Amino acid sequence: MAVAVGKRRQVGGLGNERTREALVGYGFIALPMAFFLLFFIFPIFYAFYISRYDWEIFKGPFVGWGNYRKLYHDTIFWHHAVRNTLVYTAFVVPIQMALGLSLAVVVNTAIRFRTFFRAAFYFPSLAASAAIASIATYILASDGLFNTVLHHLGYHHTNAWFSQESTALPSIIALNAWTTSGTVMLFYLAALQAIPVDVYEAAAIDGAGWWRVFSKVTFPLLKPAHFFVAVVSIIGALQMFDQAFLIGTPSGGPNYSTMTVLLYLYNQGIGNIKFGYAAAIGVVLFVFIFTVTVIQRFLFGKAEVA
């Protein structure tokens, strides 16, 4: 009888201890979760709420889906902002992934000054966008360094690359692909170092060359990294704002060639004081990014992100 009472007390004490541990755990995550809900989840629902009103400085009349109907017929949004954003994403994501993977493979090998090269390749990702855009504007000016080099190579280009409609967006694509490749390199480098050495030893015993090892061993084993990098890169590309704002000005010049969805949202919300219409643009962008992420999740499969 005494043994049974002792067991019940032990179980009760264990249950209380587990409860206390659970409460302590919830206490640790309460503040981060509150921060996440307040600054990430709540704004999504509040943006949808605002988008249903003709909201300028103060709350205006209820318009229902009026802002979305207006956005559906907005030619600047679809013909310039959305088009430029999709073109930018389609080019910059594969370029920065290829550059990042190439740099990661290089600095993952036993080369001299490997630590220096890792820091040097990553350094552009740490620089401020305003500083990079200013330097790039100087280099790509009509009499800048880039045109001077092209002139000596026999190709004469006399206009500034950021001031022409045909070259403004491609120049931003090249600039951002270079500046973000360092961050992509770190992601791939971490994934490369997680690959077991045994697979490379087995490939060496089979007499496989470096390209066959990379294409048949390394690249397939990097599928989880491919998924992560692709998702992060696409989300970042669809939200491109700072270079378009600094180089093309808020008007997205020249002739809307650098206008992006986020820059157009800024113009409507801050420039025109149309918070309801800007919120509708933000909701559409969120839905599109969420849909693209879900599609990527199913394309890569569950095994790659396990």
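Helix pairs are called roughly antiparallel when their angle is over 145 degrees, roughly parallel when it is under 35, roughly perpendicular from 65 to 115, and oblique for the rest. Everything below comes from a predicted model, where local features need pLDDT of at least 70 and side-chain atom pairs count only at pLDDT 80 or more, while totals for chains, interfaces and linings use all residues. Residues are numbered from 1 along each chain as its sequence is written, and side-chain values use heavy atoms, with hydrogens and water left out.

Helix H8 (residues 197–205) and helix H9 (residues 210–221) make a good starting point, their axes coming within 11 Å and crossing at roughly 165°. Helices here are DSSP runs (H or I, at least four residues), numbered from the N terminus; axes are lines fitted to C-alpha atoms over the stretch in contact, and angles run from 0 to 180 degrees between N-to-C directions. H8 and H9 are therefore roughly antiparallel to each other. Their crossing is right-handed (the near helix is turned clockwise from the far one by less than a right angle; anticlockwise would be left-handed). On the H8 side, the contact (heavy atoms within 4.5 Å) uses Val199, Tyr200 and Ala203, and H9 answers with Val213, Val217, Thr218 and Leu221. By class, that makes six nonpolar, one polar and no charged residues, where Ala, Val, Leu, Ile, Met, Phe, Trp, Tyr, Cys and Pro count as nonpolar, Asp, Glu, Lys and Arg as charged, and the others, Gly among them, as polar.

Next come H12 and H13, which pack at an angle of about 160° with their axes 7 Å apart. That makes H12 roughly antiparallel to H13, and the crossing is left-handed. H12 brings Val261, Leu262, Tyr264, Leu265, Gln268 and Gly269 to meet Phe275, Tyr277, Ala278, Ile281, Gly282 and Leu285 of H13. Sorted by class, the residues of this contact are nine nonpolar, three polar and no charged.

The loop leading from H11 to H12 has a couple of backbone quirks. Thr249, placed in this loop, has a positive phi of about 65° although it is not a glycine. Pro254 also sits in the loop between H11 and H12, and the peptide bond to it from Gly253 is cis, with omega near -5°.

Now for the pockets. On a 1 Å grid over the protein atoms alone, a pocket is an open set of points where a 1.4 Å probe fits, with protein on both sides within 12 Å along at least five of seven lines, and lining residues have an atom within 4 Å of a point. The largest pocket has a volume of about 610 Å³ (the space filled by probe spheres set on the points, which are joined across faces, edges and corners). Its lining takes in 22 residues, with Pro43, Ile44, Ala47, Gly282 and Phe286 nearest the centre. Helices H1 (2–50), H12 (261–271) and H13 (275–300) each give two or more residues to this lining, and H1 has the largest share with 11. The class split is 20 nonpolar, two polar and no charged residues.

The second largest pocket holds about 420 Å³ of space. It is lined by 25 residues, and Tyr88, Gln96, Asn176, Thr179 and Thr180 lie nearest its centre. At least two lining residues come from each of H3, H4, H5, H7, H10 and H11, with H7 supplying the largest share, six residues. Here the lining comprises 13 nonpolar, 11 polar and one charged.
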